[in-house]
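Subject: Structure handover and notes

Dear colleague,

Here is the structure I promised to pass on to you. Please have the sequence and the coordinates open beside this message as you read.

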Amino acid sequence: MRRYSILSCLLALTICACGQGEKSKDKVPDDMAISNNIKTAKATFGGGCFWCTEAQFQYLDGVISVESGYAGGAIANPSYEDVSTGTTGHAEVIQVTYDPAKISYDELLQAFWQSHDPTQLNRQGNDVGTQYRSVIFYHNEDQHKLAEMYKQKLDASGAYDKPVVTEIAPLTDFYKAEDYHQNYYNENGSQPYCHFVIQPKLAKFKKVFKDKLKTN
C-alpha cells in the first residue's frame with residue numbers, strides 16, 4: 001500500500017476537477033451558516049474509532065470544531081453501548097465544522113482518506129464491526145458529487161492495492177456522543193489506546209499535512 005502517494009494523488013485530482021486550483025475554496029456550500037461573523041459549513045466522516053479521526057482533524061487549519069458522534073443507524077439517540085453491539089446500523093463518526101475560506105471540502109476529503117485505511121471493510125485494525133466502517137455522510141449534493149468523484153478516481157489511481165470500500169450516503173441524523181468521548185485524545189493522552197494507536201496515526205497525519213496545520 002503506497003500510503004504517502006495518496007495526498008499527492010488527491011491534490012492532483014483536486015486541481016483537475018476544480019479547474020481553478022485554490023479558488024475551489026470560494027464555493028459556498030448549500031448548508032452554509034454564520035457563526036461569530038464567520039461563514040461555516042459542516043462535513044461528516046466515519047473512519048473507524050472516532051477518537052482517532054477526531055484527534056487528526058482537530059489539527060487542520062480552518063477546522064473550527066470536531067464533534068464525535070453516531071450516524072447512519074436505525075434508532076434515535078443511541079448510546080455508545082447500543083452502537084458498540086454493531087446491530088443499530090450506526091457508524092462512529094466525526095462532524096467537522098469548518099471555515100470554507102480557509103479549508104475546502106476537497107481538502108477535508110484528502111484528510112479523510114489519509115486518516116484511515118478505506119480498503120478495510122467494517123473494521124480499522126483491531127476495531128471490528130459495522131460501527132467502524134469507512135463512510136462519508138454528505139450534507140448536500142455538491143459534497144455528494146465530490147465524494148463520489150474522488151472515490152472513483154482514487155480507486156482508479158492505484159494508490160491502494162485493494163478497492164476502496166468507503167460508503168457514501170446522505171446524512172439524515174447526527175447524534176453527538178457522550179461527553180467523555182469528546183476531545184478524547186487531548187484529555188486522555190496517557191491512556192494505552194492513545195499512546196499505541198492514536199499517536200502513530202497522528203504523527204503520520206501531521207507529517208503529510210504539515211503545511212495545513214494550525215499554528216497555535
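What follows is a summary of what was found, taken by topic.

Please keep in mind throughout that this is a predicted model.

I begin with the strands. Strand S3 (residues 63-71) is joined to S4 by eight bridges, and the two run antiparallel. S3 also pairs with strand S9 (residues 174-176), again in the antiparallel sense, over three bridges. Gly69 takes part on both sides, since its bridge partner in S4 is Val93, while in S9 Gly69 stands opposite Lys176. Strand S4, which spans residues 91-98, also contains Thr97, a buried residue with a relative accessible area of 12%. Leaving aside residues up to four places away in sequence, Thr97 touches Thr40, Ala41 and Lys42, and also Gly62, Val63, Ile64 and Ser65.

Next comes helix H4 (residues 105-114), which is mostly covered, with ten of its ten residues buried. The buried residues of H4 include aromatic ones, among them Tyr105, Phe112 and Trp113, but also Asp106, Glu107, Gln110 and Gln114.

The aromatic rings deserve a closer look, and the count comes to ten aromatic pairs. One of these is formed by Phe45 and Tyr105, which are stacked, with 6.1 Å from centre to centre and 20° between the planes. Because Phe45 lies in strand S2 (residues 38-47) and Tyr105 in helix H4, this pair ties together parts that are 60 residues apart in sequence. Phe45 is buried, with a relative accessible area of 2%, and Tyr105 is buried as well, at 7%. Trp51 and Tyr193 form an edge-to-face pair, with 5.4 Å between the centres and 80° between the planes. Here Trp51 lies in helix H2 (residues 50-57) and Tyr193 in helix H7 (residues 192-208), so the pair ties together parts that are 142 residues apart in sequence. Trp51 is buried, with a relative accessible area of 13%, whereas Tyr193 is partly exposed, at 23%. Ring pairs also link Phe45, Phe57, Tyr105, Phe112, Trp113, Phe205 and Phe209 into a cluster.

Turning to the nonpolar cores, the largest has 45 residues, of which Phe45, Phe57, Leu60, Leu108 and Ile136 touch the most other members. Helix H4 gives the most to this core, with six residues. The contacts of Phe45, not counting residues up to four places away in sequence, are Phe57, Glu92, Val93, Ile94, Tyr105, Leu108, Leu109, Phe112, Val135 and Ile136. Apart from the largest core lies another, of seven residues, among them Ala71, Val93, Val135 and Phe174. Val93 and Val135 are thus members of this second core while also being touched by Phe45.

Finally, which cysteine sulfur is closest to that of Cys49, and why is there no bond? The closest is in Cys52, at 4.7 Å, which is too far for a bond, because a disulfide requires the two sulfur atoms to lie within 2.5 Å. Cys52 is accordingly in no disulfide, and the count of disulfides comes to zero. Both cysteines are nevertheless covered, as Cys49 counts as buried at 8% relative accessibility and Cys52 counts as buried at 2%.

With best regards

Key:
Residues are numbered from 1 along each chain as its sequence is written. This is a predicted model: local features need pLDDT of at least 70, side-chain atom pairs count only at pLDDT 80 or more; totals for chains, interfaces and linings use all residues. Side-chain values use heavy atoms; hydrogens and water are left out. Helices (H or I, at least four residues) and strands (E, at least two) are DSSP runs, numbered from the N terminus. Buried means under 20% relative accessible area, exposed over 50%, partly exposed in between (1.4 Å probe, protein chains only). Contact means heavy atoms within 4.5 Å. Two strands pair if DSSP finds at least two bridges between them. Rings of Phe, Tyr and Trp (its six-membered ring) pair if their centres lie within 6.5 Å; planes under 30 degrees apart count as stacked, over 60 as edge-to-face and the rest as tilted. A nonpolar core is a set of buried Ala, Val, Leu, Ile, Met, Phe, Trp, Tyr and Cys residues joined through side-chain atoms within 4.5 Å.
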